[in-house]
Amino acid sequence: MSSLVSLSNNLLMKLEFQLPSGSHKARAAQAAINAGERDGRIAPHQGHILLDKTGGNFGRALTHIGRPRGYGVELLVRESFSQFRRDLLSHMGARLIGLEEMRRNCTNHEIIQARIARAEASGEA
């Protein structure tokens, strides 16, 4: 994925808006997914779930890149996460997790550990 455009022989411009999801976070999401696939830890359309605690742009990029490849995407978001962003990510195919647990003062670590335990118990992991 390249967002570099040559303007002259010695001048390049980086155009982040040309990246999937329009954010520089798309490069990081793409690299993370590609590395996982290359290392054999994840594979498209095999029921793998990408789980991340997000403030927005990385989660959007992960969803934008991961869902078309057949990955489930679960995003741990805060209570303060705007309804617009929640709706956007849900419409893109992400499952938002942790909101109820945060209302009960659970930590991010506790929420993620509980999700992993559920996956292991159900055979997802």
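Trainee: Is glutamate 74 buried or exposed, and what is its relative accessible area?
Mentor: This is a predicted model, so everything here is read off computed coordinates. Buried means under 20% relative accessible area. Glutamate 74 falls in that class, so the answer is buried, at 6%.

Trainee: Which side chain has a polar contact with the side chain of glutamate 74?
Mentor: Start with where the residue sits: glutamate 74 is in strand β4. Leaving aside neighbours within four places in sequence, its contacts include Leu50, Asp52, Ile97 and Arg115. The polar contact spans 3.2 Å, and the partner is arginine 95.

Trainee: What is the strand order in the open sheet of three strands?
Mentor: Work outwards from β4, residues 72-76. β4 pairs with β5 in the parallel sense over three bridges, and β3 and β4 also pair in the parallel sense, over five bridges. That gives the order β3-β4-β5.

Trainee: Which strands stand at the edges, each with a single partner strand?
Mentor: In the order β3-β4-β5, look for strands that have one side left without a neighbour in the sheet. Each edge strand has a single partner, so one of its sides stays unpaired there. The edges are β3 (49-53) and β5 (95-97).

Trainee: By how much are neighbouring strands of this sheet turned against each other on average?
Mentor: Direction is ignored for this one. The average for neighbouring strands of the sheet is 25°.

Trainee: Which residue in β4 is the bridge partner of lysine 53?
Mentor: We're on the β3 and β4 pairing, which is parallel. Don't mix this up with leucine 75, which stands opposite leucine 96 in β5. For lysine 53, the partner in β4 is leucine 76.

Trainee: Which side chains along β3 point to one face and are buried?
Mentor: In a regular strand the side chains alternate between the two faces of the sheet. β3 shows that alternation: Ile49, Leu51 and Lys53 point to one face and are not buried. The buried ones, pointing to the other face, are Leu50 and Asp52.

Trainee: What handedness does the β-α-β unit of β3, α2 and β4 have?
Mentor: The helix in question is α2, residues 57-66, lying across β3 and β4. α2 runs at about 170° to β4. The unit made by β3, α2 and β4 is right-handed.

Trainee: How many helices and strands are there in the protein chain?
Mentor: Follow the elements from the N terminus on: β-β-α-β-α-β-α-β-α-α. The tally is five helices and five strands.

Note on methods: Residues numbered from 1 in each chain as written. Predicted model: local features only at pLDDT ≥ 70, side-chain atom pairs only at ≥ 80, totals over all residues. Heavy atoms only, no water. Pairing = 2+ DSSP bridges. Helix = DSSP H or I, 4+ residues; strand = E, 2+ residues; numbered from the N terminus. Axes fitted to C-alpha atoms, helices over the stretch in contact; angles between N-to-C directions. Contact = heavy atoms within 4.5 Å. Buried < 20%, exposed > 50% of the residue type's maximum accessible area, 1.4 Å probe, protein only. Polar contact = N/O pair within 3.5 Å; in protein donor to acceptor, adjacent residues only side chain to side chain. Right-handed = clockwise from strand over helix to strand, strands pointing away.
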